[in-house]
Amino acid sequence: MEVLIESVDHEARGVGRNDNKVVFVENALPQEIVGVDIRRRKPSYETGVSTYIKSVSASRIKPRCVNFGVCGGCSFQHIDARTQLAIKQRVLEDALERIGSVRPEQILSPICGPQFNYRSRARLSSRYVIKKEKALVGFREKGKSYVVDMASCEVLPDHISRLLPELKLLVQSFSIRERVPQIEVACGNDVNVLAFRMLEDPSLEDLRLLEQFAAKHDLVIFMQRGGPATLTQIYPDEPVALTYSITDMNLTYEFGLSEFTQVNTDVNSVLVRRAMSMLDLKPTDRVADLFCGLGNFSLAIARSGAQVIGLEANQELIDRAIDNAARNELSDLCDFKVANLFTDGCPDYRSLQSMDKLLIDPPRDGAAELIKGVGSDGPKKIVYVSCNPATLARDAGTLVHEHGYRLLSAGIVNMFPNTSHVESIALFGR
Ligand SMILES: C[S@@+](CC[C@H](N)C(=O)[O-])C[C@H]1O[C@@H](n2cnc3c(N)ncnc32)[C@H](O)[C@@H]1O
C-alpha cells in the first residue's frame with residue numbers, strides 16, 4: 001500500500017489517508033509517498049511503518065545518531081532543524097485554536113539553543129544481560145522497556161557521551177552488576193555528577209572501581225540505595241555543590257540531584273530573559289511566581305528590583321529557593337512559601353488579584369484551578385510557561401473567554417531539540 005503523507009503528528013509520525021481512513025506512519029514526512037506496512041487496524045485509523053520512500057521530502061536529513069529509530073530518546077533526528085521548529089509551532093497553534101479557541105495576536109520567534117549536546121541532566125537505565133555477559137547503559141528503546149546499547153549519545157554533553165563505553169564496562173565489572181538499574185547524570189557549572197541507583201550494597205572492590213573511574217574522569221559519584229533521601233555522595237570526600245548560572249543576570253542557583261531544574265541550561269537562560277522582558281518589570285511591581293521550584297524565575301524577577309512571592313508544593317524546593325535568594329543577595333525582595341496550587345482556593349485568590357503580574361510555570365497538568373481563581377479583575381500581565389500545549393490551550397481559553405484577557409503573544413521554546421516535546425511561552429494582558 002502506498003500513502004501520500006499530508007502532515008506529521010506530535011509523535012513525528014506521518015499522517016496520510018488510505019481509503020479515507022487516517023493512517024499514522026512511522027518514519028514518513030509530509031509530501032513523501034511511502035510504502036506502508038500496516039501494523040494495527042482500528043475502526044477509525046490505522047498505524048504502520050514505512051517500508052520504502054518513493055519521493056523523499058526536502059526536510060529529511062540523515063540522523064546523526066546510530067541508535068535513531070530504536071532509542072526512545074529522540075524521534076525528530078531525521079527532520080532538519082527548521083522543519084522541527086515549524087512542526088512544534090504548528091502543534092502549539094493548533095492546540096490553542098482547537099482546545100482553547102484562541103489565537104495569539106503575535107507569534108514570537110522560537111527560543112532556540114544548540115541542536116545537540118544540550119542535556120545537562122538525564123536518567124540513564126542500566127541492565128546486565130546475563131546471556132551476553134554484558135552491561136547496557138542508555139535510554140530505553142522506543143515503546144519498550146529494553147535498554148539501548150548506546151556507545152554514544154548526541155544529546156548528552158559530549159564529555160558525558162564519550163564516557164558511555166567505559167561506563168558500561170564499569171557496571172559490568174561490579175559484583176552487583178545485576179542490581180544497578182539506573183544512573184543519573186547531572187552536569188553543573190563546575191562538577192559532573194553520576195548517581196548510581198543500587199539495589200544492594202556495593203562491595204569494597206566495587207567502591208574502589210567506582211572511585212578509580214571517578215578520579216580518572218574528574219567525576220563526583222553519588223549512590224542511592226532507596227528513595228531520594230538516601231542519595232549519598234561517595235566520591236570525593238569533600239561535599240560538592242551543583243550549580244547553574246544565568247550569567248548576564250549575575251545569578252547562580254544551587255540544586256540537589258533530586259530537585260527539578262530545566263535540563264537545557266542554554267535555552268533556560270534565554271527563556272528567563274524572554275519572560276522578564278515580557279513581564280516588563282518595574283521596581284514598584286509585585287509579582288507572583290507560581291510553581292516557582294528553586295526560584296529559577298523568581299530570582300530574575302527580584303534582580304530587576306521587583307518584589308516577588310514564590311509558591312511551590314515541594315518543601316525541599318522552597319528551602320532551596322530561600323537559600324538561592326540569600327546566595328544571590330536577593331532575600332529582601334523574595335518571599336517563598338509552600339502551597340499546593342492544584343487545590344481549589346489556593347493561593348488566597350484575593351492576594352493573587354492584588355498582584356501586578358504573574359508568572360506561571362506549571363507541570364504538564366497545567367493550572368486549571370489557579371486560573372479559575374485569577375478572576376476578571378486579576379493582574380495586568382500573566383506570563384505562562386508551559387511544557388504541554390494542550391493544558392496551556394485549555395487555560396488560555398479560560399483566561400480569554402471567561403476572564404477577559406487577551407492572548408497578546410505566544411511562541412515555542414525549543415528546550416528539547418530532536419524530540420517531539422513542545423515547550424512554549426505565552427503572554428496574556430488586559
Ligand atoms: C515545570 S516545573 C517549574 C519549576 C520552576 N519554575 C523552574 O523553572 O525551575 C513545575 C513545578 O511545579 C511544582 N508542582 C507540581 N505540582 C504542584 C502543585 N500541586 N502545587 C504547587 N507546585 C507544584 C513542581 O514541584 C515543580 O517545581
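**Group meeting: a walk through a three-domain model**

Let me start with a distance: the centres of domain 2 and domain 3, taken over C-alpha atoms, are 35 Å apart. Keep in mind that what you're looking at is a predicted model.

So where do those domains sit along the protein chain? Domain 1 covers 2-60, domain 2 is made of 85-114 plus 263-429, and domain 3 is made of 121-187 plus 192-240. In secondary structure, the protein chain has ten helices and 21 strands.

Now the overall size. Along its principal axes, the C-alpha trace spans about 65 × 65 × 35 Å. A compact globule of 430 residues would have a radius of gyration near 22 Å, and the protein chain comes out at 23 Å, so the two agree. As for burial, 42% of the 430 residues count as buried.

Okay, on to the strands at the start of the chain. Here there's a closed barrel of five strands, running β1-β2-β3-β5-β4, and its pairing is mixed. From one strand to the next, the twist averages 50 degrees. As a reminder, strands of a sheet pair through backbone hydrogen bonds, either parallel or antiparallel.

Let's zoom in on one pair from that barrel. Strand β2, residues 14-18, runs antiparallel to strand β3, residues 21-26, and five bridges join them. One of the partnerships there is Asn-18 with Lys-21 in β3. In the loop between β2 and β3 you'll find Asn-20. What is its phi? For Asn-20 phi is near 70 degrees, which is positive in a residue other than glycine. That's worth a second look, because most residues other than glycine have a negative phi. And is Asn-20 buried or exposed? It's exposed, because just 5 other C-beta atoms lie within 10 Å, and the cut-off for exposed is 12 or fewer.

Staying with the barrel strands, Gly-35 is in strand β4, residues 33-41. Gly-35 has 16 C-beta neighbours inside 10 Å, so it counts as partly exposed. If you want a contact to click on, try Gly-35 and Ile-53: they're 18 residues apart in sequence, and their C-alpha atoms are 6.4 Å apart in space.

Next stop, strands β10, β11 and β12. Strand β10, residues 192-197, pairs with strand β11, residues 220-224, in the parallel sense over five bridges. How do you get from one to the other? Through helix α4, residues 204-217: β10, α4 and β11 make a right-handed β-α-β unit. On the other pairing, β11 runs antiparallel to strand β12, residues 231-235, with four bridges joining them. The link from β11 to β12 is a hairpin of six residues.

A handy residue to find here is Met-223. It's the bridge partner of Phe-196 in one pairing, and Met-223 also stands opposite Thr-232 in β12.

Just after that comes a bit of backbone I'd like you to see. The peptide bond from Tyr-235 to Pro-236 is cis, with omega near -10 degrees. Pro-236 sits in the loop between β12 and β13, the latter being 242-246. For context, most peptide bonds are trans.

Now a helix: α5, residues 265-279. Does its length add up? Well, at 1.5 Å a residue, its 15 residues should span 21 Å, and the end C-alpha atoms are 21 Å apart, so that agrees. Many of you will want to know which residues of α5 are buried; among them are Val-267, Leu-271, Val-272, Ala-275, Met-276 and Leu-279. Right after α5 comes Asp-280, and its phi is positive, near 50 degrees.

There's another positive phi further on, at Glu-329, near 55 degrees, again in a residue other than glycine. Glu-329 is in the loop between α7, 315-327, and β17, 334-338. With 11 other C-beta atoms within 10 Å, Glu-329 is exposed.

Last one. Thr-398 is in helix α10, residues 389-401. Thr-398 has 18 C-beta neighbours inside 10 Å, so it counts as partly exposed. If you'd like to measure across the model, take Thr-398 and Cys-65: they're 333 residues apart along the chain, with 42 Å separating their C-alpha atoms.

That's the tour. Any questions, just shout.

Technical notes
Residues numbered from 1 in each chain as written. Predicted model: local features only at pLDDT ≥ 70, side-chain atom pairs only at ≥ 80, totals over all residues. Pairing = 2+ DSSP bridges. Helix = DSSP H or I, 4+ residues; strand = E, 2+ residues; numbered from the N terminus. Right-handed = clockwise from strand over helix to strand, strands pointing away. Axes fitted to C-alpha atoms, helices over the stretch in contact; angles between N-to-C directions. Domains from an automatic or database assignment. Expected span 1.5 Å × (residues − 1). Buried ≥ 20, exposed ≤ 12 C-beta atoms within 10 Å, placed from the backbone. Rg over C-alpha atoms; globule rule 2.2 N^0.38 Å.
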